[in-house]
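Ready to practise reading a protein model step by step? Take a look at the sequence and the structure, then try each exercise before you read its solution.

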Amino acid sequence: MKDQLAGTGALLRLALRRDRVMMPVWTLVAALMVVSMPGSLGSVYATAAERARAAASMNANSSMRALYGPVFGDSLGALTAWRGGVYAAVLAAAMSLVIVVRHTREEEETGRQELLSAAMVGRRAPLTAALLAALVANACVAVLVTGGLAGQGAPGAVALGLAVAGTGMFFACTAAIAAQLTESARAAKGITAAVLGAAFVLKAAGDAGTGGGRSALTWASPLGWVENVRAFAAERWWVLPLFAAAVAVQAGAAYALAGRRDLGMSFLPSRPGPAEGRLGTAGALAWRLQRGSVLGWSAGFLIAGVVFGAMADGAADLVGDNDRTREIIERMGGQSGVGAQGAQGALTDAFLATMAGMFGMVAALYVVSSVLRLSAEESGGRAEPLLANAVGRLRWAGGHLAVAFGGSALILLLAGVGLGLGHGREPAAAIGATLAQLPAVWLIGALAALLYGAVPQYAAAAWAVAGGALALGWVGPALNLPQAVLNLSPFAHLPRLPGAQTLDPAPLLVLTALAVALTAAGLGTLRRRDMIA
C-alpha cells in the first residue's frame, strides 16, 4: 500500500500550487457568505422580538422552508445558520468537486497524469493528493467560518464550520467516485453536480412538507444534515459523525475503483457517436458535446422558476413593515413604490425582479462554462484533428459560442416561463424580466471568449468575473455596499423588470454591442495565435 501512495506529497504540493488563486477565492467567498450575515441580519432585525416574529413567520411559510430550511432559534447566530449555512455548504461542495476532478480525471484526460506516472508515483497517489487538496480547502473554510462567527457563540461557530466543511468533503468523495466511473472530466463534474442538485431537491421537498427538519427526505440529504446540526440552537453534535461516516464509505469506494482500472480508462466508457449526418457541421458537433449540459441547466431553471414564482405573493406578507428588509429587496429588485397594484403588488414585482436578476447571474456561470469548453477541447487534443481538415478555427469556435449564447437565452427563457407559471399572473412580464438579463450574461460570455482567444492560459479568470458579479448581486445589497461598487457588475445597469415605470433600452443596447465587440476580438485573436501543443 505504501508503494501505491508514493509521490503523494509532491502531487499535493503541485495541486496547491496550481490552485493558489482559485482555492483562496472559493474559500473566501464561501466563508464571507456566512460571516457577513450577522451584521446584515442585525440591521434588519434589531431586537429579539423582531427576530422571534421573523423566525415564526419563516417557519410558517413552506416556500421559505424549502428555500432556506427551518429556523431553530431567534439569535443572530441561529438566523445566520438558517440564512447562509446550506448555501455556504453548496459553495464548499462545488469547490470540492472542481478540485478533485481537476486533479484526477482531468489530469488523465489531458495526458499529464501519464507523464507524472512515468516517475515514482503510486497508483492511488493522484486520488489521495486530490482529496487532501480538497481537505485543505474545506479546513480553511471551517476555520474562517468559525473565526468569523465566534462572537455569536463559539460552540455554534464550530458546529457550523464543521458542517460546511463536512459537506464539502462529502461531495469531494462523490467526485472521486465519479472520476473513476467516467472517461471525461466534464461528465464527472456533471454527475457530481447532479448529485448535489438532487440533494438540494430532497432537502427542499422534505422541509416544505414537514417543519423542524424532521422529514425523512431532509435526512436523506447531506444538506439536510447541515441544518439538523442546529448551530447556535442547542447543537446536535451527534449529526457530525454522519459526514465522517459518509466520507469514509465513499473514499473507500473510490480507492477500490481506482485500483481496478487502467490509467485513462473508466468503468462507464463513452459511447461512440455517429460519424456523419447530423454531425456534419462544427455547430452540430458542438451541440452534441454540450446538449446534456444545456438540457440539465434548462430543467433546473424551469423548476427553480416555478418554486420562486410561487413564493412571490408571500414576499410582502413576509417583509411586513420591516423597512430594512424592504430596502434590501428594493436595492436588489428595483423600486417598489406604490403603483397601480398598490404597495403589496409593487413589492411582489420587486421580488420577481430580484429573482430574475439572480437567474441572470447564475446563467453567467453557465455561459462561462460553455465558452470554456473550447479551452478543454483544445488542451485535450480533440480540436487538432478537426482543425487539420476543412473546418476552420472560426467555424469551430463559432459552433461552441452559438451553443453558449443560444443556450443562455434558452435557460433564461425557461426560467421566465417557470416564474410565470409559479406566480400564476402576467407570464409575459416574467419572461421579459429574465430575458432582459441576456445582455449582461452575453457580455460575461464574450469576455470569456476574449480571454480564451487572446490569453488561453488565463481563460479560467472568466470564472472570477462571473463569481464576482454573483457575489456583488447576492450579498452587496444586504451589506449596503456603495452603488459605485455595485455598478462594477454589468447586471447593475439592467432595467429592473417587472415593475419598472419606464424601460430605457440604452443599457441593453450598449451591453449587447460590447458583447459583440469582445466576441469578435476573441475570435480575431484566436485566428492569429498558435494552438496549444
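Below are five short exercises, each with a worked solution.

This is a predicted model, so local features need pLDDT of at least 70, side-chain atom pairs count only at pLDDT 80 or more, and totals for chains, interfaces and linings use all residues. Residues are numbered from 1 along each chain as its sequence is written, and side-chain values use heavy atoms, with hydrogens and water left out.

**Exercise 1: The overall picture**

Find how many helices and strands the protein has, and what share of its residues count as buried.

Step 1. Start with the helices (H or I, at least four residues) and strands (E, at least two), which are DSSP runs numbered from the N terminus. The protein has 26 helices and zero strands.

Step 2. Next comes burial: buried means under 20% relative accessible area, exposed over 50%, and partly exposed in between, with a 1.4 Å probe and protein chains only. Of the 533 residues, 50% count as buried.

Step 3. Now turn to the surface, whose area comes from the Shrake-Rupley method with a 1.4 Å probe; for residues, only the protein chains shown count as cover. The accessible surface of the protein comes to about 22400 Å², and 66% of that belongs to carbon and sulfur atoms.

Step 4. Finish with contacts, meaning heavy atoms within 4.5 Å. Among contacts with a separation of 6 or more, 75% are between residues 24 or more positions apart.

**Exercise 2: Salt bridges around the α1–α2 loop**

Work out which partners R18 and D19 have, and where those partners lie.

Step 1. Recall the idea: side chains of opposite charge can pair when their charged atoms come close. The rule asks for a side-chain nitrogen of Lys or Arg within 4 Å of a carboxyl oxygen of Asp or Glu. By this rule the count comes to seven salt bridges.

Step 2. R18 forms a salt bridge with E107, and their closest N and O atoms are 2.9 Å apart. Because R18 lies in helix α1 and E107 in helix α7 (residues 105-110), the pair ties together parts that are 89 residues apart in sequence.

Step 3. Compare the burial of the two. R18 is partly exposed at 27% relative accessible area, while E107 is buried at 5%.

Step 4. D19 forms a salt bridge with R102, with the closest N and O atoms 2.3 Å apart. R102 lies in helix α6 (residues 76-102) and D19 in the loop between α1 and α2, so this bridge ties together parts 83 residues apart in sequence. D19 counts as buried, at 1% relative accessibility.

**Exercise 3: One arginine, two roles**

Which side chain meets R529 in a salt bridge, and over which ring does its charged end sit?

Step 1. The side chains of R529 and E378 meet in a salt bridge, at 3.0 Å from N to O. R529 lies in the segment after α26 (506-528) and E378 in helix α19 (residues 373-379), so parts 151 residues apart in sequence are tied together.

Step 2. Check burial: R529 is buried, and so is E378.

Step 3. For the ring, use this rule: NZ of Lys or CZ of Arg is within 6 Å of the ring centre and within 35 degrees of the ring normal. The charged end of R529 sits over the ring of Y452, 5.0 Å from its centre.

**Exercise 4: Aromatic pairs**

Classify the ring pair of F170 and W225, then that of F308 and F359.

Step 1. Rings of Phe, Tyr and Trp (its six-membered ring) pair if their centres lie within 6.5 Å; planes under 30 degrees apart count as stacked, over 60 as edge-to-face and the rest as tilted. The structure holds ten aromatic pairs.

Step 2. The rings of F170 and W225 have centres 6.0 Å apart and planes at 90°, so the pair is edge-to-face. This pair links helix α10 (residues 154-181), home of F170, with helix α13 (residues 222-228), home of W225, 55 residues apart. F170 is buried at 12% relative accessibility, and W225 is buried at 11%.

Step 3. F308 and F359 also form an edge-to-face pair, with 5.9 Å centre to centre and 70° between the planes. F308 is in helix α15 (residues 282-311) and F359 in helix α18 (residues 342-371), 51 residues apart.

Step 4. Look around this pair: ring pairs link W297, F301, F308, F359 and Y366 into a cluster.

**Exercise 5: A charged network**

Which residues are linked with K203 in a network of salt bridges?

Step 1. K203, D207 and E227 are linked in such a network.

Step 2. K203 also has its charged end over the ring of F200, 5.6 Å from the ring centre.
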